Amino acid sequence: MTVTRQGRCLCGAVRFKITGPVSDPIACHCRECQRHSGGIWISVTAARADVDIQRDRLAWVSVSESARRGFCRDCGGYLFWEAVEGDEIEIAFGALDDRDGLSLAAHIHTDESPLPVADDG
């Protein structure tokens, strides 16, 4: 059985619904994520075709030739990361309304973290 999940930005101007499975969240410590989110970026991955985004207040910014990030034009909430050529989308874990059944799967790019990353086993 597939769980349907919903989410939104801080002000609610951008909402989305995921009608397929999502991965367990991953915490990214890379410099790009630090600069964009202000710290660690934690996200789940879903098939792009399974994500319905209310787009009227969503804006995209290209962060490289191969990727872009989506955010709310009103509150600035950073919600999505996706490869320009790909069929998956990364979704901000904190933007999900329901996070039941998900647990942190991994930390990545920890060598770029400005703070020590605890070994949580």
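Why is the sulfur of Cys30 not in a bond with the closest cysteine sulfur? I started my notebook there. The model is predicted, and I kept that in mind throughout.

**Entry 1: cysteines**

I looked up the closest cysteine sulfur to that of Cys30 and found it in Cys28. The separation is 3.6 Å, which is too far for a bond. The cut-off for a disulfide is 2.5 Å between the sulfur atoms, so this pair does not qualify. I then checked Cys72, which is in no disulfide either. Its nearest cysteine sulfur belongs to Cys9, at 3.7 Å. The count for the structure is zero disulfides.

I also looked up burial for two of these residues. Cys30 has a relative accessible area of 13%, so I list Cys30 as buried. Cys72 is buried as well, with a value of 1%.

**Entry 2: the open sheet**

Next I traced a sheet. I found three strands in the order β1-β2-β5, an open arrangement with antiparallel pairing. Which strands stand at the edges? They are β1, residues 5–8, and β5, residues 51–53. Each has a single partner strand, so one side of each lacks a neighbour in the sheet. From one strand to the next the twist averages 15°.

I went into the pairing of β1 with β2, which spans residues 15–18. The two run antiparallel and are joined by four bridges. Gly7 is opposite Phe16 of β2.

**Entry 3: β4 and its partners**

I moved on to β4, which covers residues 41–47. Is β4 mostly covered or mostly open? It is mostly covered, as five of its seven residues are buried.

I looked up two partners. Strand β3, residues 26–28, pairs with β4 over three bridges in the antiparallel sense. There I noted Cys28 opposite Trp41. Strand β9, residues 88–92, is joined to β4 by five bridges and also runs antiparallel to it. Val44 has Ile91 of β9 as its bridge partner.

**Entry 4: rings**

How many aromatic pairs are there? I get three. In the pair of Trp41 and Tyr78 the ring centres are 4.1 Å apart and the planes are at 20°, so I call it stacked. The cut-off for stacking is under 30 degrees. This pair links distant parts of the chain, with Trp41 in β4 and Tyr78 in β8 (residues 78–83), 37 residues apart. Both Trp41 and Tyr78 are buried.

Ring pairs also connect Phe16, Trp60 and Phe80 into a cluster. Phe16 is the residue I had met opposite Gly7.

**Entry 5: charges over rings**

I searched for charged ends over rings. Arg68 lies over the face of Trp60, 3.8 Å from the ring centre. Trp60 is thus a member of the ring cluster with an arginine over its face. The charged end of Arg99 sits over the ring of Phe93, and here the distance to the centre is 5.4 Å.

**Entry 6: after β10**

Last, I looked at the segment after β10, a strand of residues 106–108. His109 lies in this segment. Its phi is positive, about 55°, although His109 is not a glycine. Most residues other than glycine have a negative phi. At 39% relative accessibility His109 counts as partly exposed.

Leu115 is placed in the segment after β10 too. Its relative accessibility is 61%, so I list Leu115 as exposed. I compared Leu115 with His29: they are 86 residues apart in sequence, and their C-alpha atoms are 9.6 Å apart in space.

Definitions and conventions:
Residues are numbered from 1 along each chain as its sequence is written. This is a predicted model: local features need pLDDT of at least 70, side-chain atom pairs count only at pLDDT 80 or more; totals for chains, interfaces and linings use all residues. Side-chain values use heavy atoms; hydrogens and water are left out. Two strands pair if DSSP finds at least two bridges between them. Axes are lines fitted to C-alpha atoms, for helices over the stretch in contact, and angles run from 0 to 180 degrees between N-to-C directions. Rings of Phe, Tyr and Trp (its six-membered ring) pair if their centres lie within 6.5 Å; planes under 30 degrees apart count as stacked, over 60 as edge-to-face and the rest as tilted. Buried means under 20% relative accessible area, exposed over 50%, partly exposed in between (1.4 Å probe, protein chains only). A charge sits over a ring if NZ of Lys or CZ of Arg is within 6 Å of the ring centre and within 35 degrees of the ring normal.
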